Amino acid sequence: SEGSLLREIDVVPSVLYRTEIYQRTGSDEARAVQIYDKKKYTLVTNWPFKVRALINAKESRTHGGCKKAIRLLKNMKEDADAAIALSSFDIMSLVYAMQDEDLQHQSYYEGKIVASLQNWFSVLADNEIYLRTIDVVDGSRKIVQSASDVAAVKQISAELNMLILRIAQELQHDIPASYQAW
């Protein structure tokens, strides 16, 4: 932000890390990015190419349900009244941990994804021990690192419960009165 710079910028020293496996196979998933942590004087390794490949494979297996679920949750996080302290990567990892069949849906029934997400996050919110066992997509760490992460999962669960309630109310409102008595 000083000198001739017109705005603040962050400079992040990093390198593209071509692992031994990448050099042997040429497989993109075997490449990583190493970012210098100046406080610890070490390189932190991230695996964005591996993550992309794993998410794309799940997206294929779920016929488009994986990325729809991730987008929905990210939008819910941004639209929530209270801040939800989960990163986009953690949200993606929580969806990645879901069973493939829970994310599969027919094009005429995308609401199944919302119901599956509500069920999954309800399970996670009610079972902290299990929640703490789930790894991020690339397996580099556990998703839950603190009590605030647990609270954030519970917040998303509550947001999903409210979304389901609003959908049910809207559907009830759209049903003609003659059918509501059934």
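This is a short tour of a predicted model, going from the whole chain to single side chains.

**Whole chain**

Start with the full chain in view. Its C-alpha trace spans about 70 × 45 × 35 Å along the principal axes. The radius of gyration is 20 Å, where a compact globule of 182 residues would have one near 16 Å. Colour by accessibility next: buried residues account for 30% of the 182 residues. Of the contacts between residues at least 6 apart in sequence, 50% join residues at least 24 apart.

Now switch to a cartoon view. The chain has nine helices and three strands. Read from the N terminus, the order of elements is β-α-β-β-α-α-α-α-α-α-α-α.

**The sheet**

Select residues 14-18 and 42-46, which are strands β1 and β3. Add residues 31-37 for strand β2. Together the three strands make an open sheet, ordered β1-β2-β3, with antiparallel pairing. β1 and β3 are the edge strands, each pairing on one side only. From one strand to the next, the twist averages 35°.

Zoom in on β1 and β2, which are joined in the antiparallel sense by five bridges. Show Arg18 here; the residue opposite Arg18 is Arg31 in β2.

**The helix on the sheet**

Select residues 48-61 to bring up helix α2. This helix packs on the sheet and touches β1, β2 and β3. The direction of α2 makes about 135° with that of β2.

**Charges over rings**

Return to Arg31 and show Phe49 with it. Arg31 lies over the face of Phe49, 4.0 Å from the ring centre.

Then show Lys58 and Tyr96. Here the charged end of Lys58 sits over the ring of Tyr96, at 5.4 Å from the ring's centre.

**The aromatic pair**

Where is the one aromatic pair found in a search of the whole structure? Select Trp120 and Tyr130, whose rings are edge-to-face, with 6.1 Å from centre to centre and 85° between the planes. Widen the selection to residues 111-126, helix α6, which holds Trp120, and to residues 128-131, helix α7, which holds Tyr130. The two residues belong to separate helices, so their pairing ties together parts that are 10 residues apart in sequence.

Are the two partners buried or exposed? Trp120 has a relative accessible area of 12% and is therefore buried, the cut-off being under 20%. Tyr130 is partly exposed, at 33% relative accessibility.

Technical notes:
Residues are numbered from 1 along each chain as its sequence is written. This is a predicted model: local features need pLDDT of at least 70, side-chain atom pairs count only at pLDDT 80 or more; totals for chains, interfaces and linings use all residues. Side-chain values use heavy atoms; hydrogens and water are left out. Rings of Phe, Tyr and Trp (its six-membered ring) pair if their centres lie within 6.5 Å; planes under 30 degrees apart count as stacked, over 60 as edge-to-face and the rest as tilted. Helices (H or I, at least four residues) and strands (E, at least two) are DSSP runs, numbered from the N terminus. Buried means under 20% relative accessible area, exposed over 50%, partly exposed in between (1.4 Å probe, protein chains only). A charge sits over a ring if NZ of Lys or CZ of Arg is within 6 Å of the ring centre and within 35 degrees of the ring normal. Two strands pair if DSSP finds at least two bridges between them. Axes are lines fitted to C-alpha atoms, for helices over the stretch in contact, and angles run from 0 to 180 degrees between N-to-C directions. Contact means heavy atoms within 4.5 Å. The radius of gyration is taken over C-alpha atoms; the globule rule is 2.2 Å times the number of residues to the power 0.38.
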